[in-house]
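Please open the model in your viewer and keep the selection tool at hand. The stops below can be taken in order, one selection at a time.

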Amino acid sequence: LDGTVLVDLPRPSILITDAYTALDKPFPGGKKAREAALLDRVQAGLDQGGNVLLPVDSTGRVLDLMILLDEYWETRKLRGQATLAFLSPESKSTVDMAMSQTEWLSKNVNLNFVKNL
């Protein structure tokens with residue numbers, strides 16, 4: 001896809017994929033605080049020698065979590081100490097679809113996504 005030029009399709013400034021949680025109370029501190037709290041819980045589970053299971057209902061959220069956890073594993077040097085696994089009936093098609101859409105990702109996310117698959 002690197003050779004593909006999509007002149008007629010401008011890159012979107014924002015893409016809303018669902019509004020399921022739009023009416024939920026906001027998490028104090030926003031998205032960064034919510035992600036930090038999640039990573040703290042994941043780390044606590046690992047520190048106790050346990051496993052962590054994250055049920056996710058949205059394919060889009062799965063990709064967000066995969067990137068978040070991959071970056072966390074990288075910065076904390078957890079590779080080889082704990083295994084990340086994506087288990088889903090749609091896991092292969094989800095990753096394949098994401099790979100086919102990498103031109104819409106930021107350059108940094110794109111490079112990390114392709115590098116770590």
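What follows is a short tour of a predicted model, moving from a helix to a core and then to charged pairs.

**Stop one: helix 1.** Select residues 30–47, which make up helix 1, an element of 18 residues that reaches 26 Å from its first C-alpha to its last, close to the 26 Å expected at 1.5 Å a residue. Now colour Glu-35, Leu-39, Val-42, Gln-43 and Gly-45, the buried residues of this helix. These residues lie on the same side of helix 1, because they cover an arc of only 155° around the axis. If you turn to the face that points away from the buried side, you will find the exposed residues Asp-40, Arg-41 and Asp-47. Add residues 59–75 to the selection, since helix 2 is included in what covers the buried residues of helix 1. Just past the end of helix 1, pause at Gly-49, where phi is positive at about 80°.

**Stop two: Gln-43.** Which residues does Gln-43 touch, not counting those up to four places away in sequence? They are Tyr-72, Arg-76 and Leu-78. Gln-43 is buried, with a relative accessible area of 16%, and its side chain makes a polar contact of 2.7 Å with the side chain of Asp-47.

**Stop three: the core.** Select Leu-39, Val-42, Leu-65, Leu-68, Leu-69, Tyr-72, Trp-73, Leu-78 and Ala-82, the nine residues of the largest nonpolar core. Helix 1 and helix 2 are the elements that give two or more residues to this core, and the largest share, five residues, comes from helix 2. Centre the view on Val-42, which, leaving aside neighbours within four places in sequence, is in contact with Val-52, Leu-69 and Trp-73.

**Stop four: the salt bridges.** How many salt bridges does a search of the whole structure find? There are three. Begin with Lys-31 and Glu-35, whose closest N and O atoms are 3.8 Å apart; being four residues apart in helix 1, they are separated by about one helical turn. Lys-31 is partly exposed at 47% relative accessibility, whereas Glu-35 is buried at 16%.

Then select Arg-79, which forms a salt bridge with Asp-70 at 2.8 Å between the closest N and O atoms and meets Glu-74 in another, at 3.0 Å from N to O. Through these shared partners, Asp-70, Glu-74 and Arg-79 are joined into one network. Within this network Asp-70 is buried at 15% relative accessible area, while Arg-79 is partly exposed at 41% and Glu-74 is partly exposed at 37%.

Note on methods
Residues are numbered from 1 along each chain as its sequence is written. This is a predicted model: local features need pLDDT of at least 70, side-chain atom pairs count only at pLDDT 80 or more; totals for chains, interfaces and linings use all residues. Side-chain values use heavy atoms; hydrogens and water are left out. The expected span of a helix is 1.5 Å times one less than its number of residues. Buried means under 20% relative accessible area, exposed over 50%, partly exposed in between (1.4 Å probe, protein chains only). The arc is that of the directions from the helix axis to the C-beta atoms. Contact means heavy atoms within 4.5 Å. A polar contact is a pair of N or O atoms within 3.5 Å; within protein, one must be able to donate a hydrogen and the other to accept it, and residues adjacent in sequence count only if both atoms are side-chain atoms. A nonpolar core is a set of buried Ala, Val, Leu, Ile, Met, Phe, Trp, Tyr and Cys residues joined through side-chain atoms within 4.5 Å. A salt bridge is a side-chain nitrogen of Lys or Arg within 4 Å of a carboxyl oxygen of Asp or Glu.
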